[in-house]
Amino acid sequence: MNPQMFFHICCFFYLGFDAGHAMVQGNTIIPETYRALVAKSTGTSFSDVAAVKDLPTPIADISGGEALIQVKYAGINGGCETFRARGEHAFKGNGDAADFGLGAEGVGIVVAVGSDVTNVKVGDAVAFVGSAFAEYSKCQAKMLWNIPEASPEYVGLRISGLTACAMLEQTGKVKKGEKVLITAAAGGAGHFAVQFAKLAGCEVIGTCGSDTKAKVLEELGCDHIINYKVQDVEAELKRIAPNGVDVVLEGVGGGMFQTALECLAPEGRLLQIGYISEYPHNPDAASETSKNEVNASDLFWNSKTIQRGKQTIYGNAWPKDFGLVAGSTDRVLSLFKEGKLTSLVDDTK
């Protein structure tokens, strides 16, 4: 399945072990070994390097500020896993590593904590980031989200929901009445972005690639839906927003990036969240981007901000002030608790 098709896919790891080969931490029984999906070394793709391996459970290695999580659900993040497996860009450190962990966001239960941990305790449900494709993951406790229950919806909130919120509200500063374009709008971050833009009072345009996804966007309240498989995106955007769109959240790259740029209002803001159509899985990426004004990879990994006349293009549009992200975290969790934010889970088997 193409990563763009994920609303949010979760994997469940069944934990089974022989009690004769277990450790007891408080009232919790923890196996001496656990299964994890790791990369033997970097390679050309995730499928080339991924392997299941039995590893020793790191109870004795937990430092004062760490927590050990029993993983219940793990999200599949195509971009992170592609470059993690290849050891490129932010993951260059994997080039010299062996048997490094795979997976990003996950949800689980705390089973052990270091001596300095005060924000979580054994038995708490948490959302986390790091080595999620495993039965257990060791994390810095200060980075954990306390959540009411270990349900799969929180996996999507942890990275995709937070990213959409921070980029649109903190970097893009979307305002009531603005026309906002979300590309790959039925995707992980996209479906959250549609909702945050609607909450801000914006007129929302979403692109997608199927009738099924269009139906999802309709249910989320998207005002205008463009199926790029059967419609001319540029023509539709010029019809819907003849003076240009005020804000774009763009994660597709390639021709879609250039189209969005051409349809941006004279003082509009383009917020780059990714460039998935140009990732290494696409052998035609170079030809498809030959006419683009901006190198999407360079823009993203160097977090560049570019002025194009009075327009602003934000590469990897996370807030430069990471202190602002804490406010976005609280907002995401509060809106979900209040039932004002939907986290879609693809339960396809």
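Which strands does helix α7 (residues 254-262) lie across? Keep that in mind while you get your bearings. What you have open is a predicted model.

**Stop 1: the whole chain**

Zoom out and show the cartoon. The protein chain has 10 helices and 18 strands. Its radius of gyration is 21 Å, close to the 20 Å that the globule rule gives for 349 residues, so the chain is as compact as a globular protein of that length. Along the principal axes, the C-alpha atoms fill a box of roughly 70 × 45 × 40 Å. Of the 349 residues, 52% count as buried. Now think about contacts between residues with a separation of 6 or more: 64% of them involve residues 24 or more positions apart.

**Stop 2: the seven-strand sheet**

Select strands β12 to β18. These 7 strands make an open sheet with mixed pairing, and if you walk across it the order is β14-β13-β12-β15-β16-β18-β17. At the edges you meet β14 (224-227) and β17 (305-308); each has a single partner strand, so one side of each is left without a neighbour in the sheet. On average, neighbouring strands here are turned by 15° against each other, ignoring direction.

Move to the β14 edge. Strand β13 (residues 203-208) runs parallel to β14, and 4 bridges join the two. To see the pairing up close, pick G206, which stands opposite I225 in β14.

While you're there, click on N227, which also lies in β14. Is N227 buried or exposed? With 9% relative accessibility, N227 counts as buried. Beyond its neighbours up to four places away in sequence, N227 touches C208, G209, S210 and D211.

**Stop 3: helices across the sheet**

Back to the opening question. Select α7 and you'll find that the helix lies across β12, β13, β15, β16 (264-272), β17 and β18 (311-314). Compare directions with β16: α7 runs at about 150° to that strand.

Next, select helix α4 (residues 188-199). This helix lies across β12 (179-182), β13 and β15 (245-250), and runs at about 170° to β12.

**Stop 4: the nonpolar cores**

In soluble globular proteins, nonpolar side chains tend to be buried together. Here, the largest nonpolar core has 41 residues, and those with the most contacts inside it are L157, L168, V180, I182, V194 and F196. Helix α3 (residues 153-171) gives the most to this core, with 8 residues.

Show the side chain of L168 and look around. Leaving out residues up to four places away in sequence, L168 touches K173, V174, V180, A193, F196, A197, V247, L249 and L271. Apart from this core lies another one, of 20 residues, including I226, V248, F257 and L299.

**Stop 5: aromatic rings**

A pair of aromatic rings is described by the distance of the centres and the angle of the planes. The structure holds 10 such pairs. Try Y154 and F336: their ring centres are 5.1 Å apart and their planes stand at 75°, so this pair is edge-to-face. The two rings link distant parts of the chain, with Y154 in helix α3 and F336 in helix α10 (residues 325-337), 182 residues apart. Y154 counts as buried at 6% relative accessibility, and F336 is buried too, with a relative accessible area of 18%.

Then select F83, Y275, Y279, F300 and W301, which ring pairs link into a cluster.

**Stop 6: R331 on helix α10**

Go back to α10 and pick R331, which is found in this helix. R331 is partly exposed, with a relative accessible area of 31%. Setting aside neighbours within four places in sequence, R331 is in contact with C165, E169, F196 and L199. You met F196 earlier, in the largest nonpolar core.

**Stop 7: strand β8 and its partners**

Finish at strand β8 (residues 105-113). In β8, 7 of the 9 residues are buried, so the strand is largely enclosed by the rest of the structure. Strand β6 (residues 66-75) pairs with β8 in the antiparallel sense over 7 bridges; look for A74, whose bridge partner in β8 is G106. Strand β9 (residues 125-129) also runs antiparallel to β8, joined by 5 bridges. Which residue of β9 is the bridge partner of E105? Click on V129 to see it.

How values were computed: Residues numbered from 1 in each chain as written. Predicted model: local features only at pLDDT ≥ 70, side-chain atom pairs only at ≥ 80, totals over all residues. Heavy atoms only, no water. Core = buried A, V, L, I, M, F, W, Y, C linked by side-chain atoms within 4.5 Å. Buried < 20%, exposed > 50% of the residue type's maximum accessible area, 1.4 Å probe, protein only. Contact = heavy atoms within 4.5 Å. Phe/Tyr/Trp six-rings, centres within 6.5 Å; stacked < 30°, edge-to-face > 60°. Pairing = 2+ DSSP bridges. Axes fitted to C-alpha atoms, helices over the stretch in contact; angles between N-to-C directions. Rg over C-alpha atoms; globule rule 2.2 N^0.38 Å.
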